[in-house]
Amino acid sequence: MQVKHYSDPNWKGSKEKWVTGEVVSRARDKYVIACTDVLVTSGKRVLMIHRDIEPLKGQYCSIGGSWTPGLSPQESASKNFARETQFSIDPNRLILLPYGFSFVFPIRHEAPVENGRHDFTLMFGVKLEADEYAALINALMEEKMDRVCSWRWLSIADVRGLSEEGKIHQGVV
């Protein structure tokens with residue numbers, strides 16, 4: 001299933017690539033942040049990130065991030081995945097999974113950390129073929145993921161065990 005995306009050709013969008021500091025802080029305090037994540041499977045394994053910063057420090061999560069204005073949900077998920085892994089997936093291959101989730105975090109990594117944040121995530125899935133799996137492994141080995149996480153392929157048994165220990169983000173399991 002795909003998410004229908006409509007864009008008025010007159011929409012100009014923001015010229016700013018990133019907003020920082022005070023603007024981000026005020027937005028996180030006032031608005032729910034829309035996110036697009038990808039669950040990648042190969043065989044009986046799923047690729048997860050292990051977060052090294054808040055929110056969700058120490059937990060395994062799907063790969064993604066904030067929804068980029070002007071992009072379709074699939075385009076945003078593909079862009080976020082490529083940013084995190086240095087591996088491109090055609091947005092048309094991403095399938096909307098039959099669940100999304102809303103999550104309120106008690107803390108965040110931007111100041112003031114104690115204000116937390118609220119995200120709503122659309123979850124997409126994609127299954128990799130053997131050659132794509134090998135290419136993704138090479139990309140992950142060559143280009144370390146960003147400062148907020150590391151990656152790991154998990155089996156179904158791993159996911160169950162980590163879930164029981166509370167080490168997998170609730171929205172993923």
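Contact here means heavy atoms within 4.5 Å. The model discussed below is predicted.

Me: Happy to start with Thr36: is Thr36 buried or exposed?
Reply: Thr36 has its place in strand 1. Its relative accessible area is 0%, and the cut-off for buried is under 20%. Thr36 is therefore buried.

Me: Which residue joins its side chain to that of Thr36 in a polar contact?
Reply: Leaving out residues up to four places away in sequence, Thr36 touches Ile63, Gly64, Gly65, Trp67, Pro73, Ser76, Ala77, Asn80, Leu122 and Phe124. Among them is a residue whose side chain makes a polar contact of 3.1 Å with that of Thr36. That residue is Asn80.

Me: Let's move along the chain: which residue of strand 2 is the bridge partner of Val40?
Reply: Strand 1 (residues 33-42) and strand 2 run antiparallel, and three bridges join them. The bridge partner of Val40 in strand 2 is Leu47.

Me: In the hairpin of strand 1 and strand 2, which residue takes a positive phi?
Reply: The hairpin has two residues between its strands. One residue in this hairpin has a phi near 65°. The residue with that positive phi is Gly43.

Me: And on to strand 3: which residue there is the bridge partner of Ile49?
Reply: Strand 2 is joined to strand 3 (residues 60-61) by two bridges, and the two strands run antiparallel. In strand 3, Ile49 has as its bridge partner Cys61.

Me: One more, please: how many of the seven residues of strand 2 are buried?
Reply: Strand 2 spans residues 45-51. This strand is mostly covered, and its count of buried residues is five.

Conventions
Residues numbered from 1 in each chain as written. Predicted model: local features only at pLDDT ≥ 70, side-chain atom pairs only at ≥ 80, totals over all residues. Heavy atoms only, no water. Buried < 20%, exposed > 50% of the residue type's maximum accessible area, 1.4 Å probe, protein only. Helix = DSSP H or I, 4+ residues; strand = E, 2+ residues; numbered from the N terminus. Pairing = 2+ DSSP bridges. Polar contact = N/O pair within 3.5 Å; in protein donor to acceptor, adjacent residues only side chain to side chain.
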